[in-house]
Amino acid sequence: MSTFGYPILSRGDVISMLAESQIAAVTDNDFKNIKPSFVSDLYTRLLIYLDALHEEGQGQGQIEFSALEQFESPDLLIGSIQVMNLYCKLREVMASLNCPIQFTLRDLVKPDPGRTEHFLSGILNFCLFKETKMNLQRPIMEELALLDEQRKEWEAKISQFNAEIAGYSDARERELPFVQEVNSKVKELCEMIAGLNGNQMSFRTSFRNLTEKTLQIDEKISKAEFDLVQNVQENANLCSKIVHSPDKLQRALEEKKLARDEAMNAERLAMQSFLEKTATVEVYSKPLLQVLEKRSKHFALIQAIHEQLNSAKSVDKECKGLKAKLSDNSVLDKSLEAKLIEQQGKDS
């Protein structure tokens with residue numbers, strides 16, 4: 001039923017529709033012996049069913065009792081006023097339903113069965129039309145109610161999220177000075193790390209140079225040891241030849257002294273260079289230790305420097321051994337000189 005029609009219902013249909021809608025329980029007899037009270041009650045129930053007249057508001061629009069007291073018989077007028085109110089309401093309803101027959105006051109006071117059935121057909125058809133439309137719109141209304149509940153839930157959640165966002169914004173503003181302070185410290189640390197990385201590169205270059213110089217010193221010490229061994233061998237050869245000729249022995253002793261002096265000068269120069277390199281290593285070791293305390297990554301370099309220092313100490317020990325050997329050679333030279341003097345005394 002897409003549009004409202006005005007079909008005329010039979011009396012049986014009217015009775016059955018009134019019973020099915022639980023508006024009123026009427027019989028055929030009520031229409032045959034129709035009474036004004038029956039018609040008024042039936043119309044009132046239909047208007048209440050259509051929400052056109054509320055049970056609680058039946059007294060609305062009536063004249064107040066204080067105004068009725070001005071009449072001689074106010075009790076008699078109350079019923080008439082109720083009938084007039086009902087008549088006005090029914091006339092408005094019938095006009096809105098486009099009823100082909102005009103509703104009059106006589107239809108309430110002295111109702112006609114045929115006209116009454118005609119008016120009831122229009123009202124019941126509208127009730128059926130309204131119920132059909134409401135059934136069609138009920139899913140939409142339920143969906144709208146569900147959407148409204150969801151909207152309220154989402155609005156509550158949005159309010160909660162806005163409160164949380166406001167709290168986070170306040171916390172962010174409160175913590176902003178700390179964040180700026182931390183960022184400045186991070187920037188300083190990054191600059192410090194960059195400087196330390198530069199120092200690390202320079203220390204690596206210095207360490208590489210020291211390593212090369214240490215290797216050169218080791219080569220010089222090895223060469224000095226080789227020369228010392230050769231000198232010892234030559235000294236032994238000279239000792240074997242010194243008995244035959246005092247002049248040759250004197251020359252050999254002088255040559256030996258020269259060779260010994262050169263070896264001692266070479267040893268002195270090597271020791272001086274070693275001490276200078278050791279001092280350089282110590283000078284570079286102190287800042288390295290300070291830097292390595294801040295950065296554990298340089299620990300391997302310190303170990304390597306310690307190993308180099310240990311090797312330098314071993315070189316120092318070897319130099320001390322060479323010194324001992326040179327002192328032995330000087331003692332041997334002195335004994336040879338004593339023998340030479342003794343031999344010269346015998347020759348004279």
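The legends below accompany an overall view and several close-up views of a predicted model.

**View 1. Overall fold of the protein chain, which has nine helices and zero strands.** Read along the sequence, the chain follows the pattern α-α-α-α-α-α-α-α-α, and among its elements are helix 7, which covers residues 113–241, and helix 9, which covers residues 299–347. Of the 348 residues in the predicted chain, 27% count as buried. The accessible surface comes to about 24100 Å², and carbon and sulfur atoms contribute 56% of that area. Among the contacts with a sequence separation of 6 or more, 70% are accounted for by residues that stand 24 or more positions apart.

**View 2. Surroundings of T116, a residue of helix 7.** T116 counts as buried because its relative accessibility is 3%, and the cut-off for this class is under 20%. When residues up to four places away in sequence are not counted, T116 touches I34, V39, Y43 and P111.

**View 3. A nonpolar surface patch that includes I140 of helix 7.** The patch is made by I140, M141, L144 and L147, and its area is about 390 Å². I140 itself lies in helix 7 and, at 48% relative accessibility, is classed as partly exposed, a class that ends where exposed begins, at over 50%.

**View 4. Salt bridges around R151 in helix 7.** In general, side chains of opposite charge can pair when their charged atoms come close. R151 forms a salt bridge with D148, with 2.6 Å between the closest N and O atoms, and the side chain of R151 also meets that of E155 in a salt bridge, at 2.7 Å from N to O. R151 and D148 both lie in helix 7 and are three residues apart, about one turn of the helix. R151 and E155 are separated by about one helical turn because they stand four residues apart in helix 7. The residues of these two pairs are described as follows: R151 counts as partly exposed at 39% relative accessibility, D148 is partly exposed with a relative accessible area of 28%, and E155 counts as partly exposed at 38%.

**View 5. The salt bridge between K185 and E181, and the network that joins D148, R151, K152 and E155.** The closest N and O atoms of K185 and E181 are 3.7 Å apart, a distance that qualifies as a salt bridge because the cut-off is within 4 Å. K185 and E181 stand four residues apart in helix 7, so they are separated by about one helical turn. K185 counts as partly exposed at 45% relative accessibility, and E181 is likewise partly exposed, with a relative accessible area of 40%. Elsewhere, D148, R151, K152 and E155 are joined into one network by salt bridges that share partners. For the model, the count of salt bridges comes to six.

**View 6. A patch of positive charge on the surface, with K320 of helix 9 among its members.** The residues that gather in this patch are K313, K317, K320 and K323. K320 lies in helix 9, which comprises residues 299–347. With a relative accessible area of 54%, K320 is classed as exposed, because that class requires a value over 50%.

Definitions and conventions
Residues numbered from 1 in each chain as written. Predicted model: local features only at pLDDT ≥ 70, side-chain atom pairs only at ≥ 80, totals over all residues. Heavy atoms only, no water. Patch = residues over 30% accessible without salt bridge, like charges linked within 9 Å, V, L, I, M, F, W, Y side chains within 5 Å. Areas by Shrake-Rupley, 256 points an atom, 1.4 Å probe, with all protein chains shown as cover. Helix = DSSP H or I, 4+ residues; strand = E, 2+ residues; numbered from the N terminus. Buried < 20%, exposed > 50% of the residue type's maximum accessible area, 1.4 Å probe, protein only. Lys, Arg positive; Asp, Glu negative; His and termini not counted. Charge placed at Lys NZ, Arg CZ, Asp CG, Glu CD. Contact = heavy atoms within 4.5 Å.
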